[in-house]
Amino acid sequence: MTDVLVRARAGDGEAFRELVEPYRRELQVHCYRMLGSVQDAEDLLQETLLAAWRGLGGFAGRSTLRTWLYRIATNRCLNALRAGDRRIREAQPRIEVDLPQPTLWAEPSWLEPYPDALLDGVPDTAPGPDARYERKEAISLAFVAAMQSLPPRQRAVLVLRDVLGFRASEVAETLGTTEDSVTSALKRARAALATALPAPSGLPDDQREREVAARFAEAFEGGDVDAIVGMLTDDAWLRMPPLPLEYQGHAAIHELLRTVAFRGIRRYRLVPTRANGQPAFGSYLYDAHSPTGRAHGLLVVTVAGDRVSEFTRFVNNSLLGRFGLPRTLP
């Protein structure tokens with residue numbers, strides 16, 4: 001037993017912070033994958049650390065401290081999901097214009113983008129031998145969105161096994177179940193995720209990704225709908241969480257951009273940032289009546305090769321503050 005652990009068990013708060021600080025950021029990412037919300041992840045991280053502080057005397061050292069913390073965090077997330085005691089959501093935004101018929105009516109999504117700044121403190125350690133996803137892939141917007149379609153227990157099993165690489169026996173102990181149950185849940189989760197995730201195309205080269213994102217932003221700021229659509233893959237998607245409307249393909253996206261995003265005398269300025277390991281932009285709308293740009297959501301761009309396979313506009317302007325972006329621009 002280390003001296004720091006002894007002091008923490010004796011009530012030394014500084015010692016406890018020294019124990020858990022190396023795992024804080026990765027535990028928050030874990031909660032985000034489970035819940036899909038940055039705010040919920042922060043709340044559940046605090047609950048996890050409080051539970052760990054109170055229960056430190058029961059930590060027997062049969063597992064590593066990291067595994068023990070993941071056990072607490074996972075079960076806290078599962079409790080929140082089962083009880084439905086998530087934080088109160090903002091009301092779904094009103095649609096103030098007539099939108100074209102979408103390709104798909106989906107369930108309202110409360111998925112939020114995750115600032116890359118919060119990923120900086122996550123240790124780049126190799127996952128366990130059973131992990132199937134690279135770190136960047138496992139934080140991508142598409143992966144986290146697909147995770148939200150899984151039942152909570154399958155979600156937990158898949159993250160613990162395929163993302164973090166914990167052994168089946170460790171996952172079974174975490175969830176208070178058998179290894180056979182874990183194996184069965186993992187099989188169902190993998191099958192469901194295979195249908196929810198787009199076909200793998202490999203992770204884009206960083207330089208090419210930046211170049212494609214820059215060209216996309218230039219076309220968007222220029223109001224050039226043809227150029228935007230020309231950069232899209234044939235099966236590209238445009239999504240607008242939490243609105244349950246999704247548009248796929250050149251014709252559908254072109255119609256939406258032409259009749260809604262760029263209707264009348266409108267222009268945009270996009271301020272670059274990053275979310276979920278992907279290019280992102282704070283969007284600001286200018287019109288003929290004001291020299292000030294008003295916050296108009298956050299765009300996250302998914303690059304495949306030299307094209308854009310998806311772009312997601314998060315309509316909640318309050319998200320911009322998490323990325324250090326203002327509500328208005330001169």
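## A hairpin to start with

Let's begin with strand 5 and strand 6, which form a hairpin with two residues between them. This is a predicted model, so keep that in mind as you look around. Strand 5 covers residues 278–287, and its pairing with strand 6 is antiparallel, running over six bridges. To find a spot in this pairing, look for L285, which stands opposite R294 in strand 6.

## Following strand 6 to its other partners

Strand 6 spans residues 290–304 and also pairs with strand 7, again in the antiparallel sense, this time over seven bridges. One of the matched positions is V303, whose bridge partner in strand 7 is V308. Here, too, the two strands make a hairpin with two residues between them. Have a look at G305 in the turn: its phi is positive, at about 65°.

Which strand does G293 face? G293 stands opposite L329 in strand 8. Strand 8 takes in residues 328–329, and it pairs with strand 6 in the antiparallel sense over two bridges.

## A parallel neighbour for strand 7

Now move on to strand 7, residues 307–314. In which sense does strand 7 pair with strand 2, parallel or antiparallel? The pairing of strand 7 with strand 2 (residues 232–239) is parallel and has four bridges. You can locate it through R239, which has T312 in strand 7 as its bridge partner.

As you trace these strands, a general idea is handy: in a regular strand, side chains alternate between the two faces of the sheet.

## Helix 3 against helix 4

Next come the helices. Two packed helices are described by the angle between their axes and the distance between those axes. For helix 3 (residues 24–35) and helix 4, the angle is about 125° and the axes are 8 Å apart. That makes helix 3 oblique to helix 4. The crossing of this pair is right-handed.

Who takes part in the contact? From helix 3 come R24, L27, Q28, C31, Y32 and L35, while helix 4 brings V38, D40, A41, E42, L44, L45, Q46 and L49. Sorted by class, the residues of this contact are nine nonpolar, two polar and three charged.

## Helix 2 against helix 4

Helix 4 (residues 38–55) also packs with helix 2 (residues 13–20), at an angle of about 125° and with the axes 11 Å apart. Helix 2 is therefore oblique to helix 4. This crossing is right-handed.

The meeting points are G13, F16 and V20 on the helix 2 side, and L49, A52 and W53 on the helix 4 side. By class, the contact has five nonpolar residues, one polar residue and no charged ones. You may recognise L49, since L49 of helix 4 is also listed in the contact with helix 3.

## A pair of aromatic rings

How many aromatic pairs does the structure hold? There are ten aromatic pairs, and one of them is formed by F216 and F220. A pair of aromatic rings is described by the distance of the centres and the angle of the planes. For F216 and F220, the centres are 5.9 Å apart and the planes are 35° from each other, a tilted arrangement.

Both residues belong to helix 10, which runs over residues 206–221. F216 and F220 are four residues apart, about one turn of the helix.

How values were computed:
Residues numbered from 1 in each chain as written. Predicted model: local features only at pLDDT ≥ 70, side-chain atom pairs only at ≥ 80, totals over all residues. Heavy atoms only, no water. Axes fitted to C-alpha atoms, helices over the stretch in contact; angles between N-to-C directions. Parallel < 35°, antiparallel > 145°, perpendicular 65-115°, else oblique. Left-handed = near helix turned anticlockwise from the far one by under 90°. Contact = heavy atoms within 4.5 Å. Nonpolar A, V, L, I, M, F, W, Y, C, P; charged D, E, K, R; others polar. Pairing = 2+ DSSP bridges. Phe/Tyr/Trp six-rings, centres within 6.5 Å; stacked < 30°, edge-to-face > 60°.
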